[in-house]
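Good morning, colleagues. May I ask you to look at the structure on the screen before I begin.

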Amino acid sequence: MALFLGLLNPFKSTAQDWPNLEKYKKANTELPAPAADENRVVFMGNSITEGWIGAHPEFFKDHPFIDRGIGGQTTPQMLLRFRQDVINLKPKVVVILAGTNDIAGNTGPMTLEEIRDNILGMVELAKANGIHPIVCSVLPAYDYPWRPGLQPNIKIPKLNGMLKTMAKEQGVMYLDYFAAMADKRNGLPKALTTDEVHLTKAGYSVMEKLVLKAIDEVLK
C-alpha cells in the first residue's frame, strides 16, 4: 500500500516539457498578427532549421519568415507543438523539415512508416487550418556522429520516397533537398556540412534557393 501511495504522490515525479513548448512560448506571444498582405512562412524543424537563422539571419529578416526549429527534436515532439508554434502564428505556408533525428533514435525506436505518419499528421493539421504545407525531403547523412552505424545513407532515401508519395496523395508540395545536395555516398559533400549532418553557410545557400522557389509556387 505504501508503494502504491508513493506512485500517486505528485511530488515523487519530475515534470518534463517533452515537446519543449517553453522554447518559443514567449516569442510567440510577442509576435504580432500577420498583416493582411503578409505572406508569413513558418519553418518547422530540428537543428538544421534552428541553425539556419544563426548561419544566415538576413534570410529571415528580409522575408516574413519565422524559424521554429529545435535541435535534436523528432517528429512526435514537433507534432505536439505544431499548434502552438505553427497554427497559432497564422502563416500562409509551413515548411516542414523533419525525420533525421527519428532515424537516429533520439527519442526511441521509430519505423520509417511512423516517421511518415507523424509528418502526415502535421500536413493534415496545416491543411485543416488553411495553411499550405511544404513537405521537405530529409537531408543527406552518411552517418550520425553521435550515434554511428545506423545506416542513414540507406534509410533516408527510403523515407524520402515515402514522403514524396504522401505529399502527392495529399496534393501538397514536396521539396527535394536530397537530390540537390547528396554526394555519391548518399551523404553531404564536405563543402556543405560541418559534421556529415549539420550545414555550412554554403549548405544553407543551396536550400534557400530551392525553398524560395517552392514558396513562390505554393503562394501562386
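I shall go through the sheet, one buried strand residue, a helix, the salt bridges and the backbone angles.

Please keep in mind throughout that this is a predicted model.

Let me begin with the sheet. Five strands form an open sheet, and their order is S2-S1-S3-S4-S5, with parallel pairing. At the edges stand S2, residues 65-69, and S5, residues 173-175, each of which pairs on one side only. From one strand to the next, the twist averages 20 degrees.

Within that sheet, I would draw your attention to S3 and S4. These two strands pair in the parallel sense over four bridges. As to the register, Ile-96 stands opposite Val-135 in S4. Helix H8 packs on the sheet, where it touches S4 and S5, and its direction makes about 160 degrees with that of S5.

I turn now to a single position in the sheet. Pro-133 is found in strand S4. Is Pro-133 buried or exposed? Its relative accessible area is 5%, and because buried means under 20%, Pro-133 counts as buried. Which residues, then, does Pro-133 touch, if we do not count those up to four places away in sequence? The contacts are Val-94, Ile-96, Val-123, Ala-126, Lys-127, Val-172 and Met-173. For Val-94 we also have a backbone distance: its C-alpha atom and that of Pro-133 are separated by 4.9 Å, although the two residues are 39 apart along the chain. Ile-96, which Pro-133 touches, is the residue that stands opposite Val-135.

Next, helix H7. This helix runs over residues 112-128, 17 residues in total, and reaches 24 Å from its first C-alpha to its last. That span is close to the 24 Å expected at 1.5 Å a residue. Which residues of H7 are buried? They are Leu-112, Ile-115, Asn-118, Ile-119, Leu-120, Gly-121, Met-122, Val-123 and Ala-126. Val-123 and Ala-126 are also among the residues that Pro-133 touches. The cover over the buried residues of H7 includes strands S1, S3 and S4, together with helices H5, H6 and H8. Just after H7, Gly-130 takes a positive phi of about 70 degrees.

Let us move to the charged side chains. Side chains of opposite charge can pair when their charged atoms come close. How many salt bridges does a search of the whole structure find? The search finds eight, and I shall describe some of them.

In one, Glu-22 is joined to Lys-25, with the closest N and O atoms 3.0 Å apart. Both residues belong to helix H2, residues 22-30, and because they are three residues apart there, about one helical turn separates them. Lys-25 is partly exposed, at 36% relative accessibility.

Arg-185 deserves a separate word. Arg-185 forms a salt bridge with Asp-183, the closest N and O atoms being 2.9 Å apart. The side chain of Arg-185 also meets that of Glu-196 in a salt bridge, at 2.9 Å from N to O. This second pair links distant parts of the chain: Glu-196 and Arg-185 are eleven residues apart, and each lies in the loop between H9, residues 177-181, and H10, residues 201-219. Taken together, Asp-183, Arg-185 and Glu-196 are linked in a network of salt bridges. How accessible are the members of this network? Arg-185 is partly exposed at 30% relative accessibility, Glu-196 is partly exposed at 24%, and Asp-183 is partly exposed with a relative accessible area of 23%.

Finally, the backbone angles. Most residues other than glycine have a negative phi. Against that background, two positions may interest you. Lys-90 has a phi near 55 degrees, a positive value in a residue other than glycine. Where does Lys-90 lie? Its place is the loop between helix H5, residues 75-85, and strand S3, residues 93-97. Lys-90 is exposed, with a relative accessible area of 57%.

The other position is Gln-151, whose phi is likewise positive, near 55 degrees. Gln-151 is found in the loop between strand S4, residues 132-136, and helix H8, residues 152-170. At 45% relative accessibility, Gln-151 counts as partly exposed.

That concludes my presentation, and I thank you for your attention.

Terms used
Residues numbered from 1 in each chain as written. Predicted model: local features only at pLDDT ≥ 70, side-chain atom pairs only at ≥ 80, totals over all residues. Heavy atoms only, no water. Buried < 20%, exposed > 50% of the residue type's maximum accessible area, 1.4 Å probe, protein only. Contact = heavy atoms within 4.5 Å. Expected span 1.5 Å × (residues − 1). Pairing = 2+ DSSP bridges. Axes fitted to C-alpha atoms, helices over the stretch in contact; angles between N-to-C directions. Salt bridge = Lys/Arg side-chain N within 4 Å of Asp/Glu carboxyl O.
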